[in-house]
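Student: Could you walk me through this protein while I have it open on my screen? I would like to start with the empty spaces inside and then move on to the strands.

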Amino acid sequence: MDTLLYIFLFLVSIFIFLISKRSSKRCPPGSRGLPFMGQSLGLLRAMKNNTTEKWLEDRVRKYGPVSKLSLFGKPAVFIYGQAANKLVFAGEGSTTGYHQPKSMIKIMGESSLLGLSGQDHKRVRHALMSILKPESLREYVGRIDEEMRNHLEMHWEGKQEVTVLPLMKTLTFNIVCSILIGLERGVRRDKFLDSFQEMIQGVWSVPINLPFTSYSRGIKASASIQNMVKDLIQEKREEFNQNGASRSRDLTACLLNIRDENNEPVLTDKEILHNLILVMIAGHDTSSILITFIIRLLANDPSVYAGVVQEQEEITKTKSKGEPLKWEDLAKMKYTWRVATETLRMFPPVFGGFRSALKEIEYEGYTIPKGWQIFWVSSMTHMDDRLFPEPTKFDPNRFRDQASIPPYSFIAFGAGPRLCPGIEFARMETLVAIHYITTRFTWKLCADNLFSRVPMPLPTKGLPIQIVPRNLL
């Protein structure tokens with residue numbers, strides 16, 4: 001009898017232990033919302049109306065710093081802050097995996113860095129970094145310089161007013177075509193532009209695949225873009241097979257030329273294709289928005305504007321008439337790049353993103369279930385006054401000493417193994433553009449300072465400005 005009692009008590013204790021263990025797993029508070037759509041429409045509406053921070057702050061007030069929701073058809077947990085950024089970026093491959101909504105992957109390709117993980121991600125990233133590293137990019141400064149001069153001659157000179165954002169998109173598109181994919185000006189590039197714009201509009205749209213939706217048009221445009229890029233890849237491969245190397249010095253040719261120790265291609269055609277599309281979108285959209293917001297901020301801050309102009313004029317004094325910028329000139333633009341970095345802090349082109357929980361994660365007293373999305377945002381960390389004093393003040397000098405910036409607090413380019421491989425390329429585009437705009441023109445704004453996110457920040461009316469050539473002052 002005593003033996004049965006002991007067995008009974010043992011089983012009861014095991015049962016109580018399991019129940020207490022299970023009850024200790026606290027699911028984050030919040031609502032998953034409507035089936036499939038969840039809070040997707042609410043988030044996209046807030047982004048369009050530039051009320052995203054308020055939308056997220058309302059969630060924090062209601063549920064706390066960790067809350068569950070549903071976005072783009074999947075359960076998610078919203079987190080933010082320095083610790084959240086560390087979980088997202090430092091946990092890559094162990095606790096978190098890179099994840100983008102299937103709708104985005106469907107348009108951009110599953111073999112891009114956005115869709116790859118583990119060893120495949122490392123291999124493809126290493127290949128891209130070998131081409132996008134500073135030593136490899138030095139030779140492209142002159143070509144970006146040429147594109148910028150042509151752009152100003154065609155679209156700025158002789159004008160009294162210009163609209164900045166669409167012009168910067170035109171500039172970065174031409175740079176992307178020339179340097180990244182080797183597509184020369186002409187009918188094929190014009191056709192490429194139409195499909196490219198449709199594809200970008202579909203990337204962050206509501207994933208409803210009906211003929212009248214942006215998502216559906218984005219999928220069709222992506223297919224058209226991929227066919228055109230496939231033709232370019234084939235042309236360069238034939239050139240490579242005939243000559244043993246490609247005469248082209250664009251990213252496409254460089255990716256085709258990368259070989260392993262057995263002289264075998266490192267990347268598959270699909271990986272080359274999808275990553276070219278990824279780099280094109282990043283090099284086009286993020287850089288054009290960054291340059292646009294720098295111009296907007298300089299118009300509102302005379303002291304910062306004067307500092308940029310002084311730095312750029314010092315470089316101009318060292319150049320003979322018509323001499324293009326060189327890599328060494330960009331290295332002297334330290335203050336201008338601090339201005340760009342502070343612009344990215346206040347107006348990050350990439351608002352946030354997703355990771356997936358590779359296993360059950362304990363975070364801030366809650367359990368994030370395996371397989372759920374982790375939704376992170378950059379702006380709430382960038383505007384945290386504990387990390388950046390007076391966060392609403394535009395102060396480039398806060399980046400004078402990069403070592404003073406707390407880890408995982410500035411994430412405009414990501415962090416850790418997911419640090420954007422195109423940082424140096426974006427830096428080149430931005431510095432060359434700002435050099436020529438500030439040394440050739442003065443300007444003032446023709447619209448208010450409002451902007452919306454769809455999903456990237458877009459200033460009112462595309463930022464129209466009145467311009468005056470500096471040689472007329």
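Tutor: Before we start, one definition will help: Ala, Val, Leu, Ile, Met, Phe, Trp, Tyr, Cys and Pro count as nonpolar, Asp, Glu, Lys and Arg as charged, and the others, Gly among them, as polar. Please also keep in mind that this is a predicted model.

Student: Okay, so how does the lining of the second largest cavity divide into those classes?

Tutor: Its lining has 8 nonpolar residues and 1 charged residue, with no polar ones. The residues that line the second largest cavity are Ile131, Leu132, Leu137, Tyr140, Ile179, Leu180, Asp250, Leu251 and Phe425, and at least two of the lining residues come from each of H6 and H9.

Student: And what volume does the second largest cavity have?

Tutor: The second largest cavity has a volume of about 40 Å³, whereas the largest cavity holds about 1000 Å³ of space. When the whole structure is searched, 4 cavities of 30 Å³ or more are found.

Student: Which residues lie nearest the centre of the largest cavity?

Tutor: Those are Leu114, Leu278, Ala282, Thr286 and Val350, out of 46 residues that line the largest cavity. Two or more lining residues are given by each of helix H5 (102-108), helix H6 (118-132), H10, H13, strand E5 (352-357) and H18.

Student: Which of them gives the largest share of the lining of the largest cavity?

Tutor: That is H13, which supplies 9 residues to the lining of the largest cavity. Sorted by class, the lining of the largest cavity has 32 nonpolar, 10 polar and 4 charged residues.

Student: Got it. What about the largest pocket, what is its volume?

Tutor: The largest pocket has a volume of about 610 Å³. It is lined by 21 residues, and Ile200, Gln201, Val454, Pro455 and Leu458 are the closest to its centre. The elements that give two or more residues to this lining are helix H2 (40-48), helix H10 (187-203) and helix H13 (269-300), and H2 gives the most, with 5 residues.

Student: How many nonpolar, polar and charged residues are in the lining of the largest pocket?

Tutor: The lining of the largest pocket has 11 nonpolar residues, together with 5 polar and 5 charged ones.

Student: Let's switch to strands. What is the order of the open sheet of 3 strands?

Tutor: The order is E4-E12-E9, and the pairing is antiparallel.

Student: Why is one side of E4 and of E9 left without a neighbour in the sheet?

Tutor: Strand E4 (161-163) and E9 stand at the edges and each have a single partner strand, so one side of each has no neighbour in the sheet. From one strand to the next, the twist averages 35 degrees.

Student: How many bridges join E9 to E12?

Tutor: E9 and strand E12 (residues 464-469) run antiparallel and are joined by 5 bridges. If you would like a pair to look for on your screen, Thr442 has Val468 in E12 as its bridge partner.

Student: Which helix packs on the sheet, touching E4 and E12?

Tutor: Helix H9 (residues 164-181) does that, and its direction makes about 65 degrees with that of E4. Helix H18 (residues 423-440) lies across E9 and E12, and runs at about 90 degrees to E9.

Student: Now E2, how many of its residues are buried?

Tutor: Strand E2 (residues 74-79) is mostly covered, since 5 of its 6 residues are buried. E2 pairs with strand E1 (residues 67-71) in the antiparallel sense over 5 bridges, and with strand E8 (residues 373-377) in the parallel sense over 4 bridges. To see both pairings, find Ser70 opposite Pro75 in E2, and then Ile79 opposite Trp376 in E8.

Student: What happens at Phe72 in the hairpin of E1 and E2?

Tutor: That hairpin has 2 residues between the strands, and Phe72 takes a positive phi near 55 degrees there.

Student: One last residue, where is the place of Asn449?

Tutor: Asn449 is in the loop between strand E9 (441-445) and strand E10 (451-453). Asn449 counts as partly exposed because its relative accessibility is 36%, a value that falls between the cut-offs of 20% for buried and 50% for exposed. Leaving aside residues up to four places away in sequence, Asn449 touches Arg296 and Asn300.

Technical notes: Residues are numbered from 1 along each chain as its sequence is written. This is a predicted model: local features need pLDDT of at least 70, side-chain atom pairs count only at pLDDT 80 or more; totals for chains, interfaces and linings use all residues. Side-chain values use heavy atoms; hydrogens and water are left out. Buried means under 20% relative accessible area, exposed over 50%, partly exposed in between (1.4 Å probe, protein chains only). Contact means heavy atoms within 4.5 Å. On a 1 Å grid over the protein atoms alone, a cavity is a set of points where a 1.4 Å probe fits but cannot get out, and a pocket is an open set with protein on both sides within 12 Å along at least five of seven lines; lining residues have an atom within 4 Å of a point. Grid points are joined across faces, edges and corners, and a volume is the space filled by probe spheres set on the points. Two strands pair if DSSP finds at least two bridges between them. Axes are lines fitted to C-alpha atoms, for helices over the stretch in contact, and angles run from 0 to 180 degrees between N-to-C directions.
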